[in-house]
Amino acid sequence: MQETLNYINENKQRFVDELFELLRIPSISADPAYSNDVLKCAEVCAEHLKNAGADNVEVCATKGYPIVFGEKLIDEKLPTVLVYGHYDVQPADPLELWKKPPFEPYIEKTKLHPDGAIFARGSADDKGQFFMQIKAFEAMMKTNTLPCNVKFILEGEEEVGSVSLGSWVNENKDKLSCDCILISDTHIYSNEQPTVTTGLRGLSYVEVEVEGPNRDLHSGLYGGAVPNPIHVLSRMIAKLIDDDGRITIDGFYDNVETVSDEERAEMNKLKDNPAEFKKSIGLNDVEGEKGYTTLERTSIRPTLDCNGIWGGYTGEGAKTVIPSKAFAKISMRLVPYQTPEEITEKFTKYFEKIAPANVRVKVTPHHGGMPYVLPTDTKEYLAAKNAMQTAFGKEVFPYRGGGSIPITSMFEQVLGAKSVLMGFGLDSDAIHSPNEHYGLFNFYKGIESIPMFFENYSK
C-alpha cells in the first residue's frame with residue numbers, strides 16, 4: 001500500500017492537470033447544443049481508462065449518449081468491484097453569477113479549502129469524483145497492487161435521469177456481473193468528520209398545469225370576475241404543506257420507514273452546527289417538519305418542494321393580462337418503503353381534489369427513483385469505513401444523504417449487488433449552482449482511500 005501511496009503523491013500535479021482537461025469539455029447532457037461535447041467527453045474518458053491500464057475499453061452506443069466501459073480481470077476467483085460514475089454535467093446557467101467561465105477550471109483557496117479548491121462545472125459532480133477512481137486504479141496498476149477484479153461504467157445521462165442506463169444494464173448483465181458497486185457521487189459530512197453515505201432518498205418529480213379561461217384576458221376588463229390561474233396555483237401549492245411542515249397529501253406517510261430512536265441518536269452524533277448551516281446559505285432561520293432535527297429532515301424524512309413556477313407575461317415592461325394557464329414543477333424526496341409510482345399517484349389524486357371547480361388541472365409525471373439504504377453491518381460498508389478511517393486518521397460515521405441516485409436500486413435489482421457510496425465532496429461544493437468547486441484535499445484524499453477500500457473488500 002505504501003508503494004501505491006508514494007505513486008499517488010508523486011503524480012498529484014499530473015492528476016489535477018488531466019482533470020482540468022476533462023473539465024474544459026462542456027458535456028451538458030440536457031442541452032442538445034452540446035451533444036458533440038458530450039460525445040467527445042465519452043471518448044476522452046475511454047482514453048483515460050486505457051492509459052490507466054483497463055482492458056476491453058469500449059464506448060458503447062445507447063439510445064441516448066454512450067456508456068464507457070472498461071475492465072481489468074486478474075483472477076476469476078477474486079471478487080469483482082464495478083465502479084460507476086457519470087461524465088455529463090448540469091447546465092452552467094446563470095453564467096453571470098460565475099466568478100470565471102464555468103468551463104475554464106482554476107484553483108482558489110477558500111475558508112473551507114485552505115489548500116485550494118478546483119472551480120469548474122462538473123468538478124465535484126461528478127468528473128472530479130469519478131476521476132479519483134480512474135487515478136486510484138492507475139496507481140494500483142502501476143505499482144502492481146490491484147487486489148481484485150474491477151469494471152468501470154461511466155454514463156452520459158445521469159443529469160437527465162439516466163434514461164438509457166437501465167435498458168443497457170439489463171442487456172449486459174453478464175458483462176457487468178460483480179460482487180459490489182462502488183460509487184463516488186456523494187459527499188462527506190465535513191473534512192473534520194468523514195462519513196460513508198448509507199442511504200439516499202428516492203424521487204417523484206411532476207409538472208402541474210392549472211388552466212382557467214380559454215385565452216389570456218385583459219386584466220382591466222375581466223379582473224375581479226374570473227379565476228386567475230397563477231393565484232389558484234399558488235393557493236394550491238400552499239395547501240400541500242401545513243404549518244407543522246407536514247405534507248398534506250392523503251396517505252403520503254402511509255409507507256414511510258420508522259427509524260428507531262437508537263438509529264436517530266446515532267445519526268445525531270454528527271456535530272450539527274445550526275448557526276454555521278444557516279450562515280452558509282444566507283438564512284436567519286430554518287424550518288421543516290416539527291419534531292425532527294435538521295439532519296433528520298434532510299435525510300430520513302420525505303419532502304415536497306416547488307422547483308419552479310411560471311405563467312402569464314414575464315418579459316420586459318408591462319402587459320396587463322390574466323393568464324390562461326399557470327405551471328409549476330414539483331419534486332418529492334422519498335424515504336424507504338415509499339415508491340415513486342405510489343407517491344405520484346397520491347399527489348395526482350390530491351392535487352385534483354383540492355382544485356376549485358372553475359379551473360382544470362393536469363399533472364404530468366417526469367422521472368422518479370427508489371430510495372436506497374446500505375446496512376452498516378455489510379462488508380461493503382465496513383470496507384469503506386475502515387479505508388476512510390485509515391486515510392483520514394479519524395473515526396468515520398454512517399450518514400444518510402438527502403439526494404437521490406436512482407440507479408443504486410436498479411443496480412441491486414438487476415445485478416444483485418449492493419452499492420457502496422464512497423463520495424468525498426462537501427455539501428457546500430455548489431453542485432448544480434454557479435461556482436461549483438471541489439477541494440484539492442478531498443480529491444487527493446479520495447485517490448488515497450480508494451485503493452484501501454479495494455484491499456479491505458478483497459480481504
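**Rings, cores and a pocket in a predicted model**

The structure, which is a predicted model, holds 13 aromatic pairs.

Reader: Why is the pair of Phe137 and Phe152 called edge-to-face?

Author: The ring centres of Phe137 and Phe152 are 5.2 Å apart and their planes meet at 70 degrees; centres within 6.5 Å make a pair and planes over 60 degrees apart count as edge-to-face, so the name applies. Phe137 belongs to helix α4 (residues 127-142) and Phe152 to strand β6 (residues 149-155), so this pair ties together parts that are 15 residues apart in sequence.

Reader: How do you know whether Phe137 and Phe152 are buried or exposed?

Author: Phe137 has a relative accessible area of 1%, and for Phe152 the value is 1%; since the limit for buried is under 20%, Phe137 is buried, and Phe152 is buried as well.

Reader: What makes Phe453 and Phe454 an aromatic pair, and of which kind?

Author: Between Phe453 and Phe454 the distance is 6.0 Å centre to centre, with 85 degrees between the planes; the limits are within 6.5 Å for a pair and over 60 degrees for edge-to-face, so the pair is edge-to-face. Phe453 is buried, with a relative accessible area of 0%, and Phe454 is buried at 2%.

Reader: Which residues touch the most other members of the largest nonpolar core?

Author: They are Tyr87, Phe411, Phe443, Phe453 and Phe454, in a core of 89 residues. Helix α14 (residues 440-458) supplies the largest share of this core, 9 residues. Leaving aside neighbours within four places in sequence, Phe454 is in contact with several residues, including Val81, Val83, Met140, Leu146 and Leu182.

Reader: Why is Lys12 said to lie over the face of Tyr444?

Author: Lys12 is at 4.7 Å from the ring centre of Tyr444, and the distance limit is within 6 Å, with a further condition of within 35 degrees of the ring normal; Lys12 is listed as lying over the face of Tyr444, so both conditions are met. Lys100 likewise lies over the face of Tyr106, at 4.3 Å from the ring centre.

Reader: What gives the most to the lining of the second largest pocket?

Author: Helix α13 does, with 4 residues, while α5 (165-171), α11 (340-354), β14 (360-369) and α13 (407-415) each supply at least two residues of the lining. The pocket has a volume of about 300 Å³, and of its 15 lining residues the closest to its centre are Gly368, Gly369, Met370, Pro406 and Met410.

Terms used: Residues numbered from 1 in each chain as written. Predicted model: local features only at pLDDT ≥ 70, side-chain atom pairs only at ≥ 80, totals over all residues. Heavy atoms only, no water. Core = buried A, V, L, I, M, F, W, Y, C linked by side-chain atoms within 4.5 Å. Buried < 20%, exposed > 50% of the residue type's maximum accessible area, 1.4 Å probe, protein only. Contact = heavy atoms within 4.5 Å. Phe/Tyr/Trp six-rings, centres within 6.5 Å; stacked < 30°, edge-to-face > 60°. 1 Å grid on protein atoms, 1.4 Å probe; cavity = no way out; pocket = protein on both sides within 12 Å on 5 of 7 lines; lining within 4 Å. Points joined across faces, edges and corners; volume = space filled by probe spheres on them.
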